[in-house]
Amino acid sequence: MDILNKKPVNLAVHTSPDHDLRLVECEIPEIGQNDCLVHIRASGICGSDVHFWKHGRIGPMVVTGDYGLGHESAGIVLKVGESVTRFEPGDRVALECGVPCSKPTCFYCRTGRYNACPDVVFFSTPPHNGVLRRYHAHPEAWLHKLPDHVSFEEGSLVEPLSVALAGIDRSGLRLADPLVICGAGPIGLTSLLAANAAGAEPIVITDLDEGRLAKAKELIPRVRTVLVEKGQDSKAIAARIVEQLGQEAKLVLECTGVESSIHSGIYATRFGGSVFVIGVGKDFQNIPFMHLSANEIDLKFQYRYHDVYPKAISLVAAGMIDLKPLVSHRFKLEEGIEAFRAASTPAARAIKVQILDE
Ligand SMILES: NC(=O)c1ccc[n+]([C@@H]2O[C@H](COP(=O)([O-])OP(=O)(O)OC[C@H]3O[C@@H](n4cnc5c(N)ncnc54)[C@H](O)[C@@H]3O)[C@@H](O)[C@H]2O)c1
Ligand SMILES: OC[C@H](O)C(O)[C@@H](O)CO
Ligand SMILES: [Zn+2]
Ligand SMILES: [Zn+2]
């Protein structure tokens, strides 16, 4: 609570339809009876934050006014509403930022696939402000306790890990499955960590960037890498992937959303295998329809996650997944604009940029 006296200004990173990224001072939010006031201690910058800032939209989600960024966050509970039962001030928490309606009349909430709730409030998807701010009021139901030995940074990285785990869960990955991961950004790398924990072998990962492939090797030394050059023929890339893998893939986790990469993933897959697309990209994309058809290749997609945070936290807490090496840059909240520059400038070679507040 002392923090509210020591740092009475609720700083936040906001953007606008004219791409004006700035630090703003907001009110310290009032908490409802089921909410906790959280001091956000660590936030990662997601590619979607950069995208909303630079391009003003992701598919149908459009920036139409001033709005706040950030949905990869962890912090410490400062105050609890009168009906809160599971938290008390001082608890360390990761924030699940998609808050669905939870009404019994909502088919998706009632049946557990709450990531499809049409009335979800996803903090940081316009028009809802994100949690990249000093103080944020969050519903108790969507906070997850962090054990003392899991850092705030790791707690914030539970968000991209949850995306990867949700994809891996629905992809049906099994022990000793030959796996290809396309893209070695934070989602590809967290997928690699999770697939390693799940026992995939062999694993090939691709990227356009040698630095990211080197990071993949540093994380999981047994992973095999394929450096892709822009404009290369998809079938030729697939042949190199298959050569590295020593066989065709049973499963491809596609973590770029880039059409040509999806094509090489498809061509590297065996008859009856699956291509599981986590990456998002252009609204309309071509697919090699008859190749998929004649090879009974399943093409599936992931949209966010549901019921994954507790699993992600337990894997990190048990030491089965080490997220710490993903952090490449650290900034203070007051340096939020510089942090976004690092996250969006290729020359900075960022993997995961963290914004921290003491
Ligand atoms: N499905 C979901 O719910 C969900 C959630 C979060 C993120 N995403 C999406 O997942 C994707 C990955 O996220 P990220 O944070 O890792 O993004 P990122 O941009 O940091 O990483 C993507 C990587 O793909 C590489 N790449 C680009 N084109 C390639 C190609 N042709 N072949 C091989 N590699 C190529 C890039 O060099 C980069 O390293 C993004 O599209 C993101 O929007 C989806
Ligand atoms: O990690 C979650 C993703 O970034 C979001 O779904 C985003 O893409 C749209 O709000
Ligand atoms: Zn995200
Ligand atoms: Zn709902």
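In this predicted model, an oxygen atom of ligand 1 sits 2.9 Å from a polar backbone atom of Ile187. The neighbouring story is much alike for Pro186, where a polar backbone atom is 3.1 Å from an oxygen atom of the ligand. Asp207 joins in with its side chain: one of its polar atoms lies 2.6 Å from an oxygen atom of ligand 1. On its own, ligand 1 would expose 860 Å², and the protein buries 79% of that.

Which elements give two or more residues to the shell around ligand 1? They turn out to be α5 (186-198), β14 (203-207) and α8 (259-267). Altogether, 21 residues surround the ligand, and the closest are Asp207, Arg212, Ile278, Gln302 and Arg304. Sorted by class, that shell comes out as 10 nonpolar, eight polar and three charged residues.

Now for how α5 packs. Two packed helices are described by the angle between their axes and by the distance between those axes. For α5 the partner here is helix α6 (residues 210-219): the two axes come within 10 Å and cross at roughly 20 degrees. Since angles under 35 degrees count as roughly parallel, α5 is therefore roughly parallel to α6. As for its hand, the crossing of α5 and α6 is right-handed. So α5 shows up twice in this account: α5 gives two or more residues to the shell around ligand 1, and its axis comes within 10 Å of that of α6.

Notes. Residues numbered from 1 in each chain as written. Chains lettered and ligands numbered in written order. Predicted model: local features only at pLDDT ≥ 70, side-chain atom pairs only at ≥ 80, totals over all residues. Heavy atoms only, no water. Near = heavy atom within 4 Å. Polar contact = N/O pair within 3.5 Å; in protein donor to acceptor, adjacent residues only side chain to side chain. Areas by Shrake-Rupley, 256 points an atom, 1.4 Å probe, with all protein chains shown as cover. Helix = DSSP H or I, 4+ residues; strand = E, 2+ residues; numbered from the N terminus. Nonpolar A, V, L, I, M, F, W, Y, C, P; charged D, E, K, R; others polar. Axes fitted to C-alpha atoms, helices over the stretch in contact; angles between N-to-C directions. Parallel < 35°, antiparallel > 145°, perpendicular 65-115°, else oblique. Left-handed = near helix turned anticlockwise from the far one by under 90°.
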